[in-house]
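Subject: Structure handover

Hi,

Here is the structure I promised to pass on. Please open it first, then read the notes underneath.

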Amino acid sequence: MIRRILTVLAVALTLITPSINASAQDQLAKPKALLTLSFIRYLGWDDAVRQGDFVIGVVRDRELSQWLTSQSQGKKFGFQEVVVKQFKSIDEITDCQVLYVSKNVSFARNASTILDKVGKNTLVMTEEEGATTKGSMINFVVRDSRLRFELSKANAQMGNIQFGQKLTDMTAAINL
C-alpha cells in the first residue's frame, strides 16, 4: 500500500512537471505544496515538536503559502493542527516545525541568520542551487526539466530530524 502511494506520488510529480523553464517556476507552487505536506509524514521528529500547533512557515512565497493553506485546512499532523504562516522577510521568522525559504530570498547569503532563528527541530526547505551545502535539509531543484528534491541527511540529523526510508526511496529524491 505504501509503495503504491509512493509510486503514485512519483508519477504525479513527473506528470505535473513535464517541462520546466524559468517562466514556469511559479507553476510549481502546487506540486511543492503537495510534496511538502507529504514529506512531513516521513520524518522523525523530536518530542519537543509534538506540542501545540504544527507550524509551517513560508518566507516570501505567497502562492506556495496559499496552496499549503488550502491543502492543509482542517487537517492535523498527529494531534496537532496544521498552521501555515507567511513571513514577508527573514526578520519575521518565528518558531515553526517546517520553514520553507523561497527562491526570493538568498538562502546562501542568509543561511546562518535563518538557521539561528529557527534553531533545532525545524525542517529547513529551500529552492536554491547549492542550498544543502549551507544547511538546507530538503532542497527543490530542477534536473532534466523535472522537479526533484535533494535530501541532506547530515543537515537533518544536526537539526534532530530523521528522514524515513520512504522519503529517501522516493523516485524524485536526490540523496546527498
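Which residue in β6 is the bridge partner of Leu99? It is Val124. Please keep in mind that this is a predicted model.

**The sheet**

Leu99 is a good place to start. In β5, Leu99 is also the bridge partner of Gly57. The strands around it follow suit. β2 and β5 pair in the parallel sense, over 4 bridges. β5 and β6 are also parallel, again with 4 bridges.

Now the whole sheet. It is open and has 8 strands. Their order is β3-β4-β2-β5-β6-β7-β8-β10, and the pairing is mixed. The edge strands are β3 and β10 (173-175), each pairing on one side only.

The β3 edge has an antiparallel pairing. There, 2 bridges join β3 to β4 (residues 80-87). Lys76 stands opposite Glu81 in β4.

Back to β5 for its side chains. Val98 and Tyr100 point one way, and Leu99 and Val101 point the other way. All four are buried.

**The helices on it**

Two helices are worth a look. α2 lies across β2 (54-59), β5 (98-101), β6 (123-126), β7 (138-143) and β8 (146-151). α2 runs at about 140 degrees to β7. α3 packs on the sheet as well, touching β2, β4 and β5. The direction of α3 makes about 165 degrees with that of β4.

**The pockets**

The largest pocket holds about 220 Å³ of space. Three elements give two or more residues each to its lining: α2 (29-39), α3 (62-72) and β3 (76-77). The largest share, 3 residues, comes from α2. The lining includes Leu34, Leu37 and Ser38, and also Gln71, Ser72, Lys76 and Phe77. By type, the lining divides into 5 nonpolar, 3 polar and 3 charged residues. Lys76 therefore turns up twice in these notes: opposite Glu81 in β4, and in the lining of the largest pocket.

The second largest pocket has a volume of about 170 Å³. Among its lining residues are Ala48, Val49, Val55, Asp95, Cys96, Lys120 and Thr122. That lining divides into 5 nonpolar, 4 polar and 3 charged residues.

**Where to look**

Find Leu99 in β5, then step across to Val124 in β6. After that, go to Lys76 and the largest pocket it helps to line.

Best wishes

Technical notes. Residues are numbered from 1 along each chain as its sequence is written. This is a predicted model: local features need pLDDT of at least 70, side-chain atom pairs count only at pLDDT 80 or more; totals for chains, interfaces and linings use all residues. Side-chain values use heavy atoms; hydrogens and water are left out. On a 1 Å grid over the protein atoms alone, a cavity is a set of points where a 1.4 Å probe fits but cannot get out, and a pocket is an open set with protein on both sides within 12 Å along at least five of seven lines; lining residues have an atom within 4 Å of a point. Grid points are joined across faces, edges and corners, and a volume is the space filled by probe spheres set on the points. Ala, Val, Leu, Ile, Met, Phe, Trp, Tyr, Cys and Pro count as nonpolar, Asp, Glu, Lys and Arg as charged, and the others, Gly among them, as polar. Two strands pair if DSSP finds at least two bridges between them. Contact means heavy atoms within 4.5 Å. Axes are lines fitted to C-alpha atoms, for helices over the stretch in contact, and angles run from 0 to 180 degrees between N-to-C directions. Buried means under 20% relative accessible area, exposed over 50%, partly exposed in between (1.4 Å probe, protein chains only).
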